[in-house]
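Trainee: Could we take a close look at one part of this model, the sheet? I'd like to go through it slowly.

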Amino acid sequence: MSQFDLSDKFAIVTGGGGTSHGIGNSISLTLAKAGASVAVVGRNKNSLNKVVGSIEEMGGQAIPIVADVTDPAQVDEAVVAALVAFGRIDILVNNAGGSTFGKPEELSYQAWSDCISLNLNSTFLCSVAVGREMKKQDGGKIINIGSSSGIKGEEHAAHYAAAKAGVINLTRSLAISWATHNINVNCISPGSIEVPEQGIPGMPEEEYVKRQKLQSADAIPLALPGKPEDIANAVVFFASSGSDIMTGENLVVRGSEWASAYA
Amino acid sequence: MSFELEAFGLKDKIAIVTGGGSGIGEEISKAYARAGAHVVLAARQQERLERVAEDIRALGRQSLAIATDVTEPDQIDQLLKKTVERFGRLDIMVANSGGGGFPSLDKATLEDWQKQITLNLDSAFLCDVGAGKIMIEQGTGGRIINISSTAGINLNPALPAYAAAKAGMINFTKSLALTYARGNHSINVNCVAPGFTATPAIRKAGYVPSDVRKDGTRVPPLLMPNEPRHVADACVFLASEAASHVTGELMAIRGMMHMEWSNDVTRDRAHLIK
């Protein structure tokens, strides 16, 4: 059996049905391909059903759970729903997130706190709700989706960058706190990820067009945005026994985009 | 539903693993073979290499054992040449050879220092760049994985030259990754930094703490040292299609051992790193 096999594992993916963000979608499908049963959590019932439908079409097992992961009560209900369906939770992927775009001095406090809530508070709420169950069942894998913004900062998304830096650091604190309970907590930080037909989430149109030109003229695969599958495959790695000794780590998946951060 | 292996597989890839005759390198080599790769093993002791090569052949994969001293540039050239002669190509290079051993700093000479840098850093430079040339020429990309150490991230007062060389390796990984990305060669270069790993030699020397505490309770696995397979599994991931957008990165392989064991363990095992 492969060290990356997830047969007989039960997973929750938040933001798994988001239509504007292909990463959650790809994570849900890829975990199912690896053998896991997946509870796809999100706000929009129709898009959740779509992902669940695709998984069932491949012969996999999935259920939709409608919940707003920024609301503590809804998070608790979602975890109960997953437990009722599956009996246990082996894998939690905190993928729900997103951002508006704007100069820091023009951000409203509302936009700031909405962003912290969506990206950081949701990760905290889901992790502790699922973490309590994983402690009882003596183990599990929690995978947070950070962002390279959380390392290098972001000119037009200071709120998002701060929230994601929080996610990366929360990963380490949870890892230390729960190492004795066999709960591995790791983070994957994507750089730019291109979602087909949707551009790059949060990126202004002109920047996207510029990148597309670069892509067609002189494509350097490792310098271009990644694909949702690049993140989904890393999730499988951290969900599998292949990463059993890793905890508190942050794997950055950004091709050679990192180079500009230090140039 | 069964696991679809393709993205994590290494079917028919040609890999070189230096230091492949024992410890972490042996485990990486076998994990690569199980994932479908043919593996060229390089280290000084031919006998050890042959033993691992036999295990790989038993897995239905091809293996070539080439006695190599990685501190000798000519021998690295020969290793690369023989690999291409036999297999016609090279897809994966794992620069895993290395080792510690250093007198106390007040006695250490420049020669002691240089020996460590040659073994741990120069060897990676030669293997990486030599493999890179072959990969560029064949035009189908490739993977280079440098095996560093957590000593290269933090510190190791007992092995300052080793730690400095391993830190150099982490940084060189990034320069090489960017060079190959800019050159549009689709060669990913990454670094893996294992912490204290319970290799058979370390285990035999009695340096692996028991997983049962004095009160009879078990030490949680995340508080124990790495098993060699933990390092190998990360190396399979980094060599596979699943990691095709990962380059210039550092993956530390370590649990939370420091939460359980006193510093004595890390201090005492320092001289054993090989």
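Trainee: To get my bearings, how many helices and strands are there in chain A? Then please walk me through the sheet in chain B.

Mentor: Sure. Keep in mind that it's a predicted model, where local features need pLDDT of at least 70 and side-chain atom pairs count only at 80 or more, while totals for chains, interfaces and linings use all residues. Residues are numbered from 1 along each chain as its sequence is written, chains are lettered from A and ligands numbered from 1 in the order written.

Chain A has nine helices and seven strands, meaning DSSP runs numbered from the N terminus (helices H or I, at least four residues; strands E, at least two).

Now chain B: seven strands make an open sheet there, and walking across you meet β3-β2-β1-β4-β5-β6-β7, with parallel pairing (at least two DSSP bridges between two strands). At the edges sit β3 (63-67) and β7 (250-253) of chain B, each with a partner on one side only. From one strand to the next, the twist averages 15°.

Zoom in on β1 (residues 14-18) of chain B, which runs parallel to β4 (residues 92-95) of chain B and is joined to that strand by three bridges. Here B:I16 faces B:M93 in β4(B).

Helices cover this sheet too. α7 (residues 228-239) of chain B packs on the sheet and touches β4, β5, β6 and β7 of chain B (C-beta atoms, placed from the backbone, within 7 Å). The α7(B) direction makes about 165° with that of β6(B), using lines fitted to C-alpha atoms, for helices over the stretch in contact, and N-to-C angles from 0 to 180 degrees. Helix α5 (residues 160-182) of chain B lies across β5 (142-147), β6 (187-194) and β7 of chain B, and runs at about 165° to β6(B).

Notes. Two residues are in contact if their C-beta atoms, placed from the backbone, lie within 7 Å.
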